[in-house]
Each structure stands twice: as structure tokens, then as C-alpha cells.
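Work through these exercises with the model open beside you. Try each task before you read its solution.

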Amino acid sequence: MGKTEKFEILGRIHSKGIVAVIRAESADSGRKIADAVFEGGIPAIELTMTVPGALSIIETMAEYYKGRDIILGAGTVMDPETARLCILGGAQYVVSPILNPEVVKMCNRYGIPAMPGIGTVTELVKAMELGVDVVKCFPGEVLGPAFIKAVHGPVPEAKIMPTGGVSLSNIQKWLEAGAFALGMGSALTKPDGRKDDYQAITRTAQKVIRQIVDFRKT
């Protein structure tokens, strides 16, 4: 993947403004959730590496969605070895809860967008100096929208995507604070705490997209 493809992926994520964070226990479950959010208008999927067999799941899903508009990423990537395996398995971007320079370097080597987690301005600037284009604000429920707004004071060019604590009730606050895009997990994939309700997932995805579109119109 070259720079053109890299920025195209980031551009597509920004255009929709949302990444669906999926914790799937099987490839079948992952596909069903991915299909549900995609039907609701969200093409960017982040499959976390926190479940057993996650690498196999991402490989299967990458093959299944080849040639389609879904953007498949790997999440909770903690080390460069896992990053490389995810990339070779078909991940189009890599997300991490931490800033590990070696993970970023591995992604840079393959021309893949890296989105490392940051929680301070120091970490943010270090990430940018490593060539990171978009950072992950994590944990979002702890840092809050005010963190992004404050950071944009000294570093206005920073592109920040919060993950954790993002829900239908606070999407506007995150966007008002200047979020590049939003990472949304259980509030999207398990609406009202319900598991495997794929129609509800699609409806929630549609509501998310509608809120983002309405905000950007104002």
C-alpha cells in the first residue's frame, strides 16, 4: 500500500466520521456485525485483537470483503509483531491503545495508517513526529471531549479520534470539540445491551451517520 492508498483510507474514515469497533468471537459473528453496520452506512470496521483467534478472524474477513467497500482495520494492536501479522492478514489500518513507536514504524514500512493511543500532549507530539496522521484519544470516557478541544489550542493541526465512551448521546459534543472521527464500540454493536440484534445495530448505525451528517451541515 502506498501513500495514495493510505490517505484514501483516512479520507474515507473522515468522510463518514465513524469507525465501528467490533469484538467478534468468530469470523461468522464478525461478518454479521460488519454487514449490519455497513448496511447502516458505516464502512470502517475495527476488529480488536483481544479475542482468541483474532488473527484468523481478520484473515477470513479480509478475504470475504475483498473488492467490497468495507475498510477493515485491526484494533488493540500492542506490538510490531502483531501489527505485521494483521497487515499481512489483510488489515488496512492498525489501531492501538498505546503509543508504541515500533508499531508505528512497522505500519510505516507497509504504508498502512497507524492510529496509536495517546492521553497527553507529549504523546501526541511524539506520535506526530513518528509520522502518525491520526491518533486515538484513549480512554475517551476518561479524557472526554474537553481534552480534544484543549489540545487543539497548542496543536491545532492534530487529527484525533476518540474511542471509549462514545455514544449516541454525546456524538455532537465530540464533533464540536474537533474530533477527526469517532470510534464506537458496544454502544453501536450492542445497542441497549442486546447481543446479536443485527437489525438494531443497523438502525443504530443509521442514527450515528445521521447525527454526523446533520452536525456537518451546520
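**Exercise 1. Place a threonine.** In which helix is T189 found?

Solution. T189 is found in helix α10. Helices here are DSSP runs of H or I with at least four residues, strands are runs of E with at least two, and both are numbered from the N terminus. The model is predicted, so local features need pLDDT of at least 70, side-chain atom pairs count only at pLDDT 80 or more, and totals for chains, interfaces and linings use all residues. Residues are numbered from 1 along each chain as its sequence is written, and side-chain values use heavy atoms, leaving out hydrogens and water.

Next, decide whether T189 is buried or exposed. Its relative accessible area is 9%, so T189 is buried. The cut-offs are under 20% for buried, over 50% for exposed, and in between for partly exposed, with a 1.4 Å probe and protein chains only.

Last, list its contacts, meaning heavy atoms within 4.5 Å. Not counting residues up to four places away in sequence, T189 touches V21, I22, I33, R194 and I201.

**Exercise 2. Describe strand β2 and its partners.** How many residues of β2 are buried?

Solution. Start with the strand itself. β2 spans residues 44–48, and five of its five residues are buried. Now split them by face. In a regular strand the side chains alternate between the two faces of the sheet. In β2, A44, E46 and T48 lie on one side, and I45 and L47 on the other. Both faces are covered.

Then find the neighbours. Two strands pair if DSSP finds at least two bridges between them. Strand β1 (residues 18–22) runs parallel to β2, joined by three bridges. One link to check is V21, whose bridge partner in β2 is E46. Strand β3 (residues 71–75) also runs parallel to β2, with five bridges. Here T48 has G75 as its bridge partner in β3.

Finally, follow the chain between the strands. From β2 it passes through helix α3 (residues 54–64) to β3 in a right-handed β-α-β crossover. β1, helix α2 (residues 27–39) and β2 also make a right-handed β-α-β unit. Right-handed means that, with the strands pointing away from the viewer, the path from the first strand over the helix to the second runs clockwise.

**Exercise 3. Examine helix α2.** What covers its buried residues?

Solution. Begin with length. α2 has 13 residues and reaches 18 Å from its first C-alpha to its last, close to the 18 Å expected. The expected span is 1.5 Å times one less than the number of residues. Next, pick out the buried positions: A27, S29, G30, I33, A34, A36 and V37. Their cover includes β1, β2, α3, α10 (186–189) and α11 (198–217). After the helix comes G41, with a positive phi near 110°.

**Exercise 4. Find the core.** Which residues have the most contacts inside the largest nonpolar core?

Solution. A nonpolar core is a set of buried Ala, Val, Leu, Ile, Met, Phe, Trp, Tyr and Cys residues joined through side-chain atoms within 4.5 Å. The largest one has 62 residues, and those with the most contacts inside it are I18, I42, I45, V77, I148 and L182. Take I42 as the example. Leaving aside neighbours within four places in sequence, I42 is in contact with I18, A20, V37, L188, A205 and I209. Another core lies apart, with 13 residues, among them I9, L10, I13 and V19.

**Exercise 5. Order the second sheet.** Why do β6 and β8 each have one side without a neighbour in the sheet?

Solution. Write the order down: β6-β7-β8, an open sheet of three strands with parallel pairing. β6 (117–118) and β8 (160–162) stand at the edges with a single partner strand each, so one side of each has no neighbour in the sheet. Three bridges join β7 (residues 135–137) to β8. V135 stands opposite I160 in β8.

**Exercise 6. Check two backbone details.** Where are P139 and the cis peptide bond before it?

Solution. The bond from F138 to P139 is cis, with omega near -5°. P139 is in the loop between β7 and α7 (140–143). For the other detail, turn to T76, in the loop between β3 and α4 (80–88). T76 is not a glycine, yet its phi is positive, about 55°. With a relative accessible area of 22%, T76 is partly exposed.
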